[in-house]
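Visitor: I'd like a close look at one part of this protein model. Could you take me through it slowly?

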Amino acid sequence: MYTKILDATAGGYNNAVSTASEILKNGGIVAIPTETVYGLAASAYSDSAIKAVFEAKGRPQDNPLIVHISDLEMLKCVARDIPDVAYECAKRFWPGPFTMVLPKGKKIADSVSGGLDTVAVRMPSEKTARDIISQSMLPIAAPSANTSGLPSPTTAQHVINDLDGKIDAVVKGNDCDVGIESTVVSLVGEKPRLLRPGAITVEMLREVLVDLIVDDAVLQQLREGESAASPGMKYKHYAPKTDAFLVEGCSNSFVRFVNQKTDCAAVCFEEEYYSINIKKISYGSKRDEKTLAKNVFSVLRDVDKLNVKEVYIHAPSKEGVGLAVYNRLIRAAAFKVIKL
Ligand code: TXA
Ligand code: MG
C-alpha cells in the first residue's frame, strides 16, 4: 500500500484535513496528530476499518481502542447510561489529555472494545485532530500510531518509521506537546479508577473524583493469571530494542553507577549530563516533569541508534506528571528496576 503524506503544517492545512476526513468516511485508516501522541484513526462504526488498525499495528485483538470525539453531542453516539460525574469530568478536563471508560453505545463496532461492554472516550484539544473528526462527522477510534510494543510516536517521522506502507495516510502536523498518552479513568465500577496515568494528574482528578482509586497495575506488574482492568496494561510496551533498566536513586549514585559500565548507555537528567562518561541522552531537567514527558518516547527511540547492549534510565519522581513518565518507563524496562 502507498502511504500518502498530508502536510498540515504549511498552507496545506485545509487540504490535509479534508483529505483525511474523506479517507475516514470511506473506511480507510490515517495517522493524525493529537496533543498527546500521534493516533491511528479509523471510523469507530466500521468493523473492517478497526480490523485494519489492529493489523497495521500488530496489536492484540483484546486490547481495546480509545474513541475520539470533537464535541459533547458526539458523546451520546459513543456511550450510553452516561453518569453525571462523566459530564463533570468533561467540563473540567475536555478538550484535553483525559479519557473515560463508560458503558458502550450500540453503534460502536464490537472490535473497538475487544468484546468488552465498555468504551473509552476522549475529546482531544489539538485543532487538527478535532477538525478531522468534526469534518468526517464520525466518532474516531485511534490507538497510538506505533507498531505495537514500540515507543508511542510523538512526531510524524516516528509514524512513518513504523507504519509506512501499512496505512492510507499520515497527516503531518506539529510534534506532540504533551508527549505521553492520555490519562485513562474508568467510571463503570463502584468507584472511579485510574487505569493509566497521564498529564491530568491524580491530584487534578481528585478535585472532581474525590474517591478515585489508583489501579495496582499503574506501578506494578500483573501477576500470572491476574486480569487487567485495562487490557493494554498487561502487554510489554514502549520498549526500545536495546535491553532497558530503570534505575532509582540520587544523581550522585546514578552517575557513579553508570560510569562503571562499558558497552552501555545512560538516559539521564540534564543536571547529570556532563558528569557521565559513557554514551548518554538527557530527557530533561529532573525538576521539570512536563518536559520529561514530552521527550520520553523520542529518547527511547533514539536509544536504539546508540548501538549498545544495555541502557540504564534514571527514574523520575512519581509526583504529578512524573507518575505517568515512571509508568511508561517501568514498562519500557519490562519491570526491571535497580534501586541504588
Ligand atoms: O492519548 C491517547 O490516549 C492516545 C491518542 C492517540 O489519543 N491514544 C492511545 O490509545 O493511547 P492506545 O490504544 O494506545 O491506548 C488505549 C488504552 C489502553 O491501555 C487500553 O487498554 C485502554 O486505553 N482502554 C481502551 N478501552 C478500554 C476499556 N473499554 N476499558 C478499559 N481500558 C480501555
Ligand atoms: Mg499505545
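Which strands does helix H9 lie across?

Guide: Helix H9 lies across three strands, S13, S14 and S15. Lying across here rests on contact, that is, heavy atoms within 4.5 Å. H9 runs at about 165° to S14, where axes are lines fitted to C-alpha atoms (for helices, over the stretch in contact) and angles run from 0 to 180 degrees between N-to-C directions. The labels are DSSP runs numbered from the N terminus: helices (H or I) have at least four residues and strands (E) at least two.

A word on how to read all this. This is a predicted model, in which local features need pLDDT of at least 70 and side-chain atom pairs count only at pLDDT 80 or more, while totals for chains, interfaces and linings use all residues. Residues are numbered from 1 along each chain as its sequence is written, chains are lettered from A and ligands numbered from 1 in the order in which they are written, and side-chain values use heavy atoms, leaving out hydrogens and water.

Now let's see what H9 rests against. Five strands make up an open sheet, in the order S14-S13-S15-S12-S16, with parallel pairing. Its edge strands are S14 (279–282) and S16 (337–339), each of which pairs on one side only. On average, neighbouring strands of this sheet are turned by 25° against each other, ignoring direction. Two strands count as paired if DSSP finds at least two bridges between them. S13, at residues 264–268, runs parallel to S14, and four bridges join the two. If you want a spot to find on the screen, look for Cys268, which stands opposite Ser282 in S14.

H9 has a partner helix here. H10 lies across S12, S15 and S16, and runs at about 135° to S12. The axes of H9 and H10 (residues 322–332) come within 9 Å of each other and cross at roughly 20°. That angle makes H9 roughly parallel to H10; the rule is under 35 degrees for roughly parallel, over 145 for roughly antiparallel, 65 to 115 for roughly perpendicular, and oblique for the rest. On the H9 side of the contact are Glu289, Leu292, Ala293, Val296, Phe297 and Leu300, which meet Gly322, Val325, Arg328, Leu329 and Ala332 of H10.

Keep an eye on Phe297, one of those H9 residues, as we turn to aromatic rings. Rings of Phe, Tyr and Trp (its six-membered ring) pair if their centres lie within 6.5 Å; planes under 30 degrees apart are stacked, over 60 edge-to-face, and the rest tilted. By this rule the model has six aromatic pairs. Among them is the tilted pair of Tyr238 and Phe297, with 5.2 Å from centre to centre and 35° between the planes. Tyr238 sits in the loop between S11 and S12 (243–248), whereas Phe297 is in H9 (residues 289–303), so the pair ties together parts that are 59 residues apart in sequence.

Following the chain on from H9, you meet the loop between H9 and S15 (310–314), which holds Asn307. Asn307 has a phi near 55°, a positive value in a residue other than glycine.

S11, named with that Tyr238 loop, leads us to another sheet. Here eleven strands form an open sheet with mixed pairing, in the order S1-S8-S2-S3-S7-S4-S6-S5-S9-S10-S11. S11 (213–214) is an edge strand of this sheet, and so is S1 (4–7), each pairing on one side only. S1 and S8 run parallel and are joined by four bridges, and Ile5 stands opposite Val170 in S8. S2 also pairs with S8 in the parallel sense, over two bridges, with Ala31 opposite Val170. S4 (residues 66–68) and S7 (residues 140–141) pair in the antiparallel sense over two bridges, and there Val67 stands opposite Ala141. Helix H6 (residues 156–163) packs on this sheet, touching S1, S2 (30–32), S3 (39–43) and S8 (169–172), and its direction makes about 165° with that of S8.

For a second helix pair, try H1 (residues 13–25) and H5 (residues 127–136), whose axes come within 8 Å and cross at roughly 50°. That makes H1 oblique to H5. Residues of H1 in this contact include Val17 and Leu24, and those of H5 include Ile132 and Gln135.

One last stop is the loop between H4 (84–93) and S5 (98–103), the place of Pro95. The peptide bond from Trp94 to Pro95 is cis, with omega near -5°.
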